[in-house]
Amino acid sequence: VAEAGRRPMEALAREYAAELMGALKRRATRRAHANVLQHLLGYVSERLDSADRREMAGLIEQYRQGLVPLVVPLTLLKYHLRRHREPYLERQHYLNPYPETLGLRNVL
């Protein structure tokens, strides 16, 4: 995509579609989700008190270990984001999937 305008659009579109399909073939793991959650937490971490940071980090770790479903740390993270607005995160589809039924990610 960064090469748009420098390369033929048809070639870029084919390459982009191939890369996207390859990425979509890989199933998300608990470890990958935990990494994303930790990264997202980093955006609001400084605005949380130490107890809230520990609780959030603990839930992410519990999710990584398979002790709680993904919806648990996601819900708490979204709560903190409502209290401590972060426009960049508010636009992330990971936190607000469409269609909403994709939000029912309790299996992983």
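Okay, let's start with leucine 41, which sits in helix α2, the stretch covering residues 30–44. Before I go on, please keep in mind that this is a predicted model.

So, is leucine 41 buried or exposed? It counts as buried, because its relative accessibility is 9% and the cut-off for buried is under 20%. And what does leucine 41 touch, if we skip residues up to four places away in sequence? The list is Leu48, Met56, Ala57, Ile60 and Leu77. Take Ala57 from that list: leucine 41 and alanine 57 are 16 residues apart along the sequence, and their C-alpha atoms are 8.3 Å apart in space.

Next stop, aspartate 52. You'll find aspartate 52 in helix α3, which runs over residues 50–64. Its relative accessible area is 17%, so aspartate 52 is buried too. Leaving out neighbours within four places in sequence, aspartate 52 is in contact with His80 and Arg83.

Those two partners take us to helix α4, because both His80 and Arg83 are on the α4 side where α3 and α4 meet. A quick word on how people talk about this kind of thing: you describe two packed helices by the angle between their axes and by the distance between those axes. Here, α3 packs with α4, residues 71–83, at an angle of about 155°, and the axes are 9 Å apart. That angle makes the two helices, α3 and α4, roughly antiparallel, since the cut-off for that word is over 145 degrees. As for handedness, α3 and α4 cross in a left-handed way.

Who actually meets whom there? From α3 we have Asp52, Glu55, Met56, Leu59, Ile60 and Tyr63. Facing them from α4 are Val72, Pro73, Leu76, Leu77, His80 and Arg83. Sorted by class, that contact has eight nonpolar residues, one polar and three charged. Notice that Met56, Ile60 and Leu77 have come up already, as residues that leucine 41 touches.

Now let's zoom out to the whole chain. How many helices and strands are there? Five helices and zero strands, so to speak an α-α-α-α-α run from the N terminus on. The C-alpha trace spans about 55 × 30 × 20 Å along its principal axes. The radius of gyration is 17 Å, while a compact globule of 108 residues would have one near 13 Å. Of the 108 residues, 25% are buried. Last one: among contacts with a separation of 6 or more, 59% are between residues 24 or more positions apart.

Definitions and conventions: Residues numbered from 1 in each chain as written. Predicted model: local features only at pLDDT ≥ 70, side-chain atom pairs only at ≥ 80, totals over all residues. Heavy atoms only, no water. Helix = DSSP H or I, 4+ residues; strand = E, 2+ residues; numbered from the N terminus. Buried < 20%, exposed > 50% of the residue type's maximum accessible area, 1.4 Å probe, protein only. Contact = heavy atoms within 4.5 Å. Axes fitted to C-alpha atoms, helices over the stretch in contact; angles between N-to-C directions. Parallel < 35°, antiparallel > 145°, perpendicular 65-115°, else oblique. Left-handed = near helix turned anticlockwise from the far one by under 90°. Nonpolar A, V, L, I, M, F, W, Y, C, P; charged D, E, K, R; others polar. Rg over C-alpha atoms; globule rule 2.2 N^0.38 Å.
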